[in-house]
Amino acid sequence: MSKITELIDELRLNNCLIKLNNVGNIDLIVDENAELSKDLIEKVKKNKSELIDYLKFSLQPIEVKIEKIGYKESYAISNAQRRLWVLSQFEDSSVAYNIPGSIYLNQDIDIDCFKRSLESTIERHEILRTVFKQDERGEIKQWILKKEDLGFNIVYKDFRKESDKAEKVKGYILHDSSRAFDLERGPLLRASLLQVEDESYVFYFNMHHIIGDGWSMEVLNKDVFSYYGAYKNNTKPELKPLEVQYKDYSAWQLTQLEKESFKAHRAYWLDSLKGDLPLLDLPGAKSRPRIKTHNGHGLSTYIDGTTTNRLRKYSEENGGSLFMGLLAAWNVLMY
């Protein structure tokens, strides 16, 4: 299979795309300025049947059915969770995987309803009630706690009488974002409602990366405010029951490792990444500290919509995505 993917990559490098037509044959879409060598054309002819099989396989719809698993005392962790758990065992490294976030709320907040909405969100998502510890055989598992056993409480702070309330809120968030989570005891989510004016609040939350990511933060916010709107208006929350929980995904993922499709992917990447990998060692304005830290700095820029759409279109026409196009541009810049 790697031979066919290498051939497709070679065609792309020569500004040529390959597609399956309506009669089950292959068409070459060649850029007007491209010139395909005789050797490359012969390769396509020689591997025509394999190319057709590859394209037919690629076009097959992928149906993912994740089944719910029954109750257990503890559950297997996913590969991503295992990686983060191992990294968290190094001194001070766990804090590097905190994901803090905050939302400014310019409205009057019913604090009791808000607390209730957050508790309902934690009840809804088992991963927010999950801790990680060893079982009797010394294997790391995820353990799902009942809400009442989690020890979660939303913190309310009133900064309205503070003269430098903005700085106090900023300092509070900065302090909490650098506090470590206890993966064995939990909870792995902290939340605070910080009041700065009569109708102005900051909803601050912080979770460990082992139970969530950037997408999870959006889901958390959406569910909290869905519950809040319902509770404040004394109506029933319009949230459908979750079909699966994260533990179900973890179990499903582990079953995929035994399938032939996974073994083919594994062989491909082991082949692609074998040997010495290129390293980029840029000169820096500062020398590395003797003791490793996780301090970082972020830079951002704005790319206008026209340029973004052109880059997205170019990337897709060449078999990639917007992310891949941006990454390629970054690599060119760095080298």
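Cavity, helix packing and loops in a predicted model

Me: How many cavities of 30 Å³ or more are there in this predicted model?
Reply: A cavity is a space where the probe fits but cannot get out. By this rule, the number of cavities of 30 Å³ or more comes to one.

Me: What is the volume of the largest cavity?
Reply: Rolling a probe the size of a water molecule over the atoms shows where empty space is left. For the largest cavity, that space has a volume of about 30 Å³.

Me: Which elements give two or more residues to the lining of the largest cavity?
Reply: The lining consists of Glu126, Ile127, Thr130, Gln142, Ile144, Tyr246 and Lys247. Gln142 and Ile144 fall within 140–144, and Tyr246 and Lys247 fall within 246–256. The elements that give two or more residues are therefore strand S5 and helix H9.

Me: How many residues of each class, nonpolar, polar and charged, are in the lining of the largest cavity?
Reply: Ile127, Ile144 and Tyr246 count as nonpolar, and Glu126 and Lys247 as charged. Thr130 and Gln142 belong with the polar residues. The lining thus has three nonpolar, two polar and two charged residues.

Me: Are helix H11 and helix H12 roughly parallel or roughly perpendicular to each other?
Reply: Two packed helices are described by the angle between their axes and the distance between the axes. Helix H11 (residues 305–317) and helix H12 (residues 322–334) have axes 8 Å apart, at an angle of about 100°. Angles of 65 to 115 degrees count as roughly perpendicular. H11 and H12 are therefore roughly perpendicular.

Me: Which residues of H12 make the contact with H11?
Reply: On the H11 side, the contact is made by Thr308, Leu311, Arg312 and Ser315. Taken over both helices, the contact has three nonpolar, three polar and one charged residue. The residues on the H12 side are Leu322, Gly325 and Leu326.

Me: Is Ser315 buried or exposed?
Reply: Ser315 lies in helix H11, and not counting residues up to four places away in sequence, Ser315 touches Gly320, Ser321, Leu322 and Gly325. Its relative accessible area is 6%. Buried means under 20%, so Ser315 is buried.

Me: Which residues is Arg179 in contact with, leaving aside its neighbours within four places in sequence?
Reply: Arg179 lies in the loop between helix H7 (165–177) and strand S7 (189–197). Its relative accessibility is 37%, so Arg179 counts as partly exposed. The residues in contact with Arg179 are Val95, Asn98 and Arg190.

Me: What distance separates the C-alpha atoms of Arg179 and Asn79?
Reply: Along the chain, Arg179 and Asn79 are 100 residues apart. In space, their C-alpha atoms are separated by 25 Å.

Me: Is the peptide bond from Gly186 to Pro187 cis or trans?
Reply: Pro187 lies in the loop between H7 and S7. The bond from Gly186 to Pro187 has omega near -10°. This peptide bond is cis.

Me: Is Lys274 buried or exposed?
Reply: Lys274 is found in the loop between helix H10 (260–272) and H11. Its relative accessible area is 58%. Exposed means over 50%, so Lys274 is exposed.

Me: What is the phi of Asn234 near?
Reply: Asn234 is found in the loop between helix H8 (214–232) and H9. Asn234 is exposed, with a relative accessible area of 70%. Its phi has a positive value in a residue other than glycine, near 60°.

Terms used. Residues numbered from 1 in each chain as written. Predicted model: local features only at pLDDT ≥ 70, side-chain atom pairs only at ≥ 80, totals over all residues. Heavy atoms only, no water. 1 Å grid on protein atoms, 1.4 Å probe; cavity = no way out; pocket = protein on both sides within 12 Å on 5 of 7 lines; lining within 4 Å. Points joined across faces, edges and corners; volume = space filled by probe spheres on them. Helix = DSSP H or I, 4+ residues; strand = E, 2+ residues; numbered from the N terminus. Axes fitted to C-alpha atoms, helices over the stretch in contact; angles between N-to-C directions. Parallel < 35°, antiparallel > 145°, perpendicular 65-115°, else oblique. Contact = heavy atoms within 4.5 Å. Buried < 20%, exposed > 50% of the residue type's maximum accessible area, 1.4 Å probe, protein only.
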